[in-house]
Amino acid sequence: MTKPAPDSLALLSVAEMAGADEAAIASGIAGFALMERAGRAVADAVSRRGRPGERVLVLCGPGKNGGDGFVAARLLEARGFAITLALAGERGQLTGDAGEAAAGWQGPVLAVAEIRPEDHAIIVDALFGAGLNRPLGGAVAALVERVNASDLPVISVDVPSGVSGDSGMTAGPAIRADETVTFFRLKPGHLLYPGRALCGVVTLADIGITAEMVFGPGKPPPMTFSNEPALWQGQLPRHEAGTHKYRRGAVAVAAGGLAGVGAPRLGARAALRIGAGLATIICRPEALATHAGRGPDALMQIAAADGAAFEAALATRKLSALLAGPALGLDAMAAEVVTAALCAKLPLVLDADALTVLAARSELLEELAGRRSVPTVLTPHEGEFLRLFGDRAPYASGASRLVRARTAATATASVVVLKGPDTVIAAPDGRAAINATGSAALATAGSGDVLGGIVTGLLAQGMPAFEAACAAVWLHGKAGEALGFGLIADDLPEALPGALRLVAG
Ligand SMILES: NC(=O)C1=CN([C@@H]2O[C@H](COP(=O)(O)OP(=O)(O)OC[C@H]3O[C@@H](n4cnc5c(N)ncnc54)[C@H](OP(=O)(O)O)[C@@H]3O)[C@@H](O)[C@H]2O)[C@H](O)CC1
Ligand SMILES: [K+]
């Protein structure tokens, strides 16, 4: 049996975090005690950056995020900082824990319109957190613009105000923070852009909520994760001495004609580098000689002139996984290949041209993938995702990448890897992970072909599809980080052994 994913990697939605809050209160911790600890963690972050005597501007909103700000202001004043506190709202309307926190603040409370951020050394943004429910407007929006223009260090409480904790999206002005202090577990908005960039460094503070309170027996398991090795490391292929190449898995890559011999080769090479025992390119007859003349020698190639020949090639090769898409082409033969690939009883990765072939035929994908008894992984970038699923709810590009990937995974009964600087991996069973490895150096021709090959290579070695996709995205990112700028996609497979050494036990 596979071990459940570690809850330390859980990302909590705003609603789940509210549930965690309630669970902690139900187990005997007072809500105000949580707020005290949250405020203290924020004050500690300010103390690490500044010295007593410095002027700190604390911007408080009308809810509990503001309450955390009032607590931080009180503690910082006691530590000798000179506090200016501004409230977006009426002091008399603060209720519950936030009212209690405000009552503990003895100093003046200014209106946001009067505030000059530039008169301060550090700014605490406790305007809005989990309760943000509309774009910032009026005097608060103007203040946020002034704070961002000041270029002063900003520490945001929970999330930068204006950023959705669930999606990382902004619907108007938002604080650009240097540091964000959040509580108990990260939220998707800390890892999804633009939130990820607006957070600055994310500090996770313990406020007394324990994993046992939130994830204990009888509680629903977390479904959203930060993509870290602990999520999939235990399922990485392990090969015992005495294994042979077929036991390590045989990969096929469906290629097109002479116009695109590079992309499928990048995929096949990556599959070999990640540990598949064999890799074969199945190409059009006119491209066979070209493929045969190119390295690495470990790669094999066979020709298929039509869909039937392609099916026959699949049947004769003792295959364990198939990659279709990189430079496959968009013609009738490509469509036959994609249909045959979906009908074959082989773990399958569909990328690039295969996704375009299926675009406007997502019902075909839903039907065929839904009937498969073996895993299907789709690896679209934003453009391919748009072509495949359209721009209507729930897939509209204005919606959260997490929601879109999840919805697509359920609809197609496939693992969906929605690629980007914050790649989301979603499984049809509802699990999803957000990746944070990699850099802009990976936004280069052929990089996606390599990723497709890594996923296929891991599937061929028997790794479950969600874990294989998560591992592939993480390793691809690490290979990119190791190479840095100047990399070309050809370098990435060669950097995989180094990336693997980071996680292989
Ligand atoms: N969950 C925990 O364990 C803890 C959380 N803490 C902190 O609490 C906040 C969440 O507090 P909450 O009161 O739920 O929400 P906010 O403070 O973010 O928002 C409060 C109200 O603001 C109004 N609102 C929302 N959006 C806007 C806007 N764009 N402009 C103006 N006003 C807005 C809204 O009220 P309305 O009635 O006007 O709709 C919100 O209710 C969490 O982020 C943590 O910082 C803890 O203290 C520790 C424990
Ligand atoms: K905030």
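**View 1. Residues around ligand 1 in the predicted model.** Of the 28 residues around ligand 1, those that come nearest are G63, K64, N65, G129 and G131; a residue counts as near if its C-beta atom, placed from the backbone, lies within 6 Å of the molecule. Two or more residues of this shell come from each of helix 1 (14-26), helix 2 (31-49) and helix 3 (64-78). Helices are DSSP runs (H or I, at least four residues) numbered from the N terminus, and strands are runs of E of at least two. Helix 3 gives the most to the shell, five residues.

**View 2. Classes of residue in the shell around ligand 1.** The shell has 15 nonpolar, eight polar and five charged residues. Ala, Val, Leu, Ile, Met, Phe, Trp, Tyr, Cys and Pro count as nonpolar, Asp, Glu, Lys and Arg as charged, and the others, Gly among them, as polar.

**View 3. The largest nonpolar core.** V124, V251, A254 and A469 touch the most other members of this core of 171 residues. Such a core joins buried Ala, Val, Leu, Ile, Met, Phe, Trp, Tyr and Cys residues through C-beta atoms within 7 Å, where buried means that 20 or more other C-beta atoms lie within 10 Å of a residue's own. Helix 18 (residues 465-483) supplies the largest share, 11 residues. The core lies between domain 1 (7-221) and domain 2 (229-501), because both give residues to it; the domain bounds come from an automatic or database domain assignment.

**Notes.** Residues are numbered from 1 along each chain as its sequence is written, with chains lettered from A and ligands numbered from 1 in the order in which they are written. In this predicted model, local features need pLDDT of at least 70 and side-chain atom pairs count only at pLDDT 80 or more, while totals for chains, interfaces and linings use all residues.

Note on methods. Buried ≥ 20, exposed ≤ 12 C-beta atoms within 10 Å, placed from the backbone.
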